[in-house]
Amino acid sequence: MFQRLFGRERHNRTITDALYAGIVAAARQPHFYSDWDAPDTPLGRFEMLGLHVFLFQHRLHDETGAAREIAQVLIDEFFADVEHSLRDLGIGDMGVPKRMKKLARMYYGRTAAYADALERGDRAALGEALKRNIRPDSEAWPQVDLLAGYVMDADKLLLEQSSESILAGTIRFPVAGAA
């Protein structure tokens, strides 16, 4: 009995680790930072990782059972990763909870705007939300339309992937700048 329980838990961990690694790899594509001018800063990397976690969550939002469990594990992993990064940046034990609450509010606010634009197929609104969140310091961000197109392509590609494939630990995102 214990072997069956622990064996399943280890198998699920392998799957969620593979999925999270795929999400992180997609978010760290150099093209975002070098050609599309996403800020290569801790906050900029949080934004890009959060965007890709959102895309994964958006793909699974209507799923039930194991898919819902994996979606929850991955959002927990994302926030654990963010907390670990804050500590690596030198934020002390007293400051981490306050910053985590702020970052969680930021993440969930962004996901609402992104989901609304995606569901309406509104590339311009998606671009406005991306600019507001990723480059709030810039008056103009000409590359935002390219990122909005990538996000829409990623959403479509994720929808084309079977739930079975995702539950087996396989996820694919577009290559940034390949279109």
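# A guided tour from R59 outward

Begin by selecting R59, which sits in helix 3 of what is a predicted model. Although arginine carries a charged side chain by class, R59 counts as buried here, at 10% relative accessibility. Show its surroundings next: leaving out residues up to four places away in sequence, R59 touches L158, L159, Q161, S162, S163 and I166.

Now widen the selection to the whole of helix 3, residues 42–60. Helix 3 has 19 residues, and the distance from its first C-alpha to its last is 27 Å, close to the 27 Å expected at 1.5 Å a residue. Is helix 3 largely enclosed by the rest of the structure, or largely open? Of its 19 residues 16 are buried, so helix 3 is largely enclosed by the rest of the structure.

Add helix 7, residues 144–160, to the view. Helix 7 has 17 residues and reaches 24 Å from its first C-alpha to its last, which is close to the 24 Å expected at 1.5 Å a residue. Its buried residues are V144, L147, A148, G149, Y150, V151, A154, D155, L157 and L158, and colouring them separately prepares the next stop.

With both helices displayed, turn to how they pack. Two packed helices are described by the angle between their axes and the distance between the axes. For helix 3 and helix 7 the angle is about 35 degrees, and the axes are 9 Å apart; the crossing of these two helices is right-handed. On the helix 3 side, select M48, L51, H52, L55, F56, H58 and R59, which meet L147, Y150, V151, A154, D155, L158 and L159 in helix 7. By class, this contact of helix 3 with helix 7 has ten nonpolar, two polar and two charged residues.

From here, step out to the largest nonpolar core, which has 52 residues, and highlight F78, L130, L147 and Y150, the residues with the most contacts inside it. The elements giving two or more residues to this core are helix 1 (2–27), helix 2 (30–34), helix 3 (42–60), helix 4 (66–88), helix 5 (96–120), helix 6 (123–134) and helix 7 (144–160). Which helix supplies the largest share of this core? That share, nine residues, comes from helix 3. Centre next on L130: apart from its neighbours within four places in sequence, L130 is in contact with L51, Y114, R135, W141, V144, L147, A148 and V151.

Move now to the loop between helix 2 and helix 3, where D37 lies. Most residues other than glycine have a negative phi, and most peptide bonds are trans. The phi of D37, however, is near 65 degrees, a positive value in a residue other than glycine. D37 is partly exposed, with a relative accessible area of 36%.

In the loop between helix 2 and helix 3, select D40 as well. D40 is exposed, at a relative accessible area of 53%. If neighbours within four places in sequence are left aside, D40 is in contact with Y33 and R45. A distance to draw here is the one between the C-alpha atoms of D40 and R28, which are twelve residues apart along the chain and separated by 9.6 Å.

Finally, clear the selections and view the whole protein. Its secondary structure comes to eight helices and zero strands, and from the N terminus on the elements run α-α-α-α-α-α-α-α. Of the 179 residues of the protein, 46% count as buried. Among contacts with a separation of 6 or more, 63% are accounted for by residues 24 or more positions apart.

Notes: Residues numbered from 1 in each chain as written. Predicted model: local features only at pLDDT ≥ 70, side-chain atom pairs only at ≥ 80, totals over all residues. Heavy atoms only, no water. Core = buried A, V, L, I, M, F, W, Y, C linked by side-chain atoms within 4.5 Å. Buried < 20%, exposed > 50% of the residue type's maximum accessible area, 1.4 Å probe, protein only. Helix = DSSP H or I, 4+ residues; strand = E, 2+ residues; numbered from the N terminus. Contact = heavy atoms within 4.5 Å. Expected span 1.5 Å × (residues − 1). Axes fitted to C-alpha atoms, helices over the stretch in contact; angles between N-to-C directions. Left-handed = near helix turned anticlockwise from the far one by under 90°.
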